[in-house]
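Please walk through this structure with the sequence at hand. The path starts at a loop, moves to the ligand and then goes outward.

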Amino acid sequence: MSLTLNREDIVRLCERIEGAQTRAYAIPRLTDEYPAMTIADGYAVQAELRRRYLAQGHKLIGWKAGLTSKAKMLQMGVSVPSIGFLTDRMARPENSVVGTADLVQPRVEAEVAFVTKAMLKGPKCAREQVLAATDYVLPAIEVIDSRFSGFKFDLPSVIADNGSSARFVGGGRARCPADIDLRTLGVVLEKNGEMVAMGASAAVLGHPAEAIAMLVNILAEQGEELPAGSFVMSGGITEAIAVKPGDNVIARFQELGSVSVRFS
Ligand code: OOG
Ligand code: MG
């Protein structure tokens, strides 16, 4: 797919996204102004955003796959998965308090995260290679935060907004992927002691490692590889649940334990 944006547009849109992300305000979808924007344009803006954050001293620690489950695709009205980058500034310790004052409209989702021990490179990366390169898997809660008003977006816009990436919390019990069946892990998401969503890991492209393979192949299209030691989230298993100050969220996973986060 080809670019329709020129370099000036890419920088302009990147600055708009960076402003919305760092000062926490909502903006209209980018496609309102650039209706011809493609997925490739979205990734060009995302790459510029990554370049700027890294230049400011943020560290790239991994990537995330998004929109990999039917529930998420239906919720967001899109039909193709996406990827985004993760930095050290987004990471929060297990059971920490995440402030909402610097977020626009936070939502939580339960995900299986992978930590790699060998480099992965596309194209044609497949699930088996991902599993062989995986050091361990662990449960995670991703706090997404779309900067688009009312979470109304299309794929080029959300990719430019780095897949709504905002915060994430890993926790629970790290497991070797060979010791568990990654397709059948059940997960329950609780908010303030009540179950608000549930699902099974097969919701993520049939197998979460499939989402990592897809991510590696999308990286290859951008001339990038996934280095050993990367932290990679495979995508929300359930739909995302809105949170507000005072909320207490726990994701309970079969085999992987639970991970929790609070909001202020
Ligand atoms: C896009 C982010 C999607 C996931 O796990 O599906 C995502 C969004 O829904 O705002 O992180
Ligand atoms: Mg996610």
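Is Ser164 buried or exposed? Ser164 counts as buried, because its relative accessibility is 3% and the cut-off for buried is under 20%. Keep in mind that this is a predicted model. Ser164 lies in the loop between α6 and β7. Its phi is near 60°, a positive value in a residue other than glycine.

The loop between α6 (155-160) and β7 (165-170) also holds Asn162. Phi of Asn162 is near 55°, again positive in a residue that is not glycine. Why does Asn162 count as buried? Its relative accessibility is 1%, and the limit for buried is under 20%. As background, most residues other than glycine have a negative phi, and most peptide bonds are trans.

The second half of that background has its own example here. A cis peptide bond joins Gly122 and Pro123, with omega about 0°. Pro123 is found in the loop between β5 and α5 (127-132). Now take Gly122 as one end of a distance. The other end is Thr38. These two residues are 84 apart along the chain, and their C-alpha atoms are separated by 22 Å. Thr38 has its place in the loop between α2 (30-33) and α3. Thr38 counts as buried because its relative accessibility is 14%.

Next, the ligand. Ser164 returns here. Of the 17 residues around ligand 1, Ser164 is among those that come nearest, along with Lys64, Leu67, Glu109 and Gly236. Where does ligand 1 sit? Ligand 1 sits in the largest cavity.

Which elements each supply at least two residues of the shell around ligand 1? They are β1 (60-66), α4 (70-76), β5 (107-116) and β6 (134-144). β1 gives the most, with three residues.

Look at the oxygen atoms of ligand 1. One lies 2.7 Å from a backbone N or O atom of Leu67. The side chain of Lys72 has an N or O atom 2.8 Å from an oxygen atom of ligand 1. The side chain of Glu109 has an N or O atom 2.6 Å from an oxygen atom of ligand 1. Taken alone, ligand 1 exposes 320 Å², and the protein buries 100% of that area.

From Leu67, step to Ser82. Ser82 is in strand β2 (residues 82-87). With 4% relative accessibility, Ser82 counts as buried. What does Ser82 touch, beyond residues up to four places away in sequence? Its contacts are Tyr43, Lys64, Ala65, Gly66, Leu67, Ile159 and Met214. Lys64 and Leu67 are familiar names, both being among the residues that come nearest to ligand 1.

Tyr43 is the next stop. Tyr43 sits in helix α3 (residues 39-55). Tyr43 is buried, with a relative accessible area of 10%. Leaving aside neighbours within four places in sequence, Tyr43 is in contact with Ser82, Ile83, Ile159, Ile218 and Gln222. Ile159 is thus a contact of Tyr43, and Ile159 is also touched by Ser82. How many residues apart in sequence are Tyr43 and Ile218? They are 175 residues apart in sequence and 10.0 Å apart in space, C-alpha to C-alpha.

Gln222, another contact of Tyr43, leads to Val243. Gln222 and Val243 are 21 residues apart in sequence, and 34 Å separate them in space, C-alpha to C-alpha. Compare the Tyr43 and Ile218 pair: 175 residues in sequence, 10.0 Å in space.

Val243 lies in the loop between β11 (241-242) and β12 (248-253). Val243 counts as buried because its relative accessibility is 10%. Setting aside neighbours within four places in sequence, Val243 is in contact with Pro106, Arg107, Val108, Lys191, Val249 and Phe263.

Val249 links Val243 to the last residue on this path, as Val243 is in contact with Val249 and Glu190 touches Val249. Glu190 has its place in strand β8 (residues 186-191). Is Glu190 buried or exposed? Glu190 counts as buried, at 16% relative accessibility. Beyond residues up to four places away in sequence, Glu190 touches Met195, Val196, Asn248, Val249, Ile250 and Arg252. With Arg252, the side chain of Glu190 makes a side-chain polar contact of 2.9 Å.

Technical notes. Residues numbered from 1 in each chain as written. Chains lettered and ligands numbered in written order. Predicted model: local features only at pLDDT ≥ 70, side-chain atom pairs only at ≥ 80, totals over all residues. Heavy atoms only, no water. Helix = DSSP H or I, 4+ residues; strand = E, 2+ residues; numbered from the N terminus. Buried < 20%, exposed > 50% of the residue type's maximum accessible area, 1.4 Å probe, protein only. Polar contact = N/O pair within 3.5 Å; in protein donor to acceptor, adjacent residues only side chain to side chain. Contact = heavy atoms within 4.5 Å. Near = heavy atom within 4 Å. Areas by Shrake-Rupley, 256 points an atom, 1.4 Å probe, with all protein chains shown as cover. 1 Å grid on protein atoms, 1.4 Å probe; cavity = no way out; pocket = protein on both sides within 12 Å on 5 of 7 lines; lining within 4 Å. Sits in = over half its atoms within 2 Å of the grid points.
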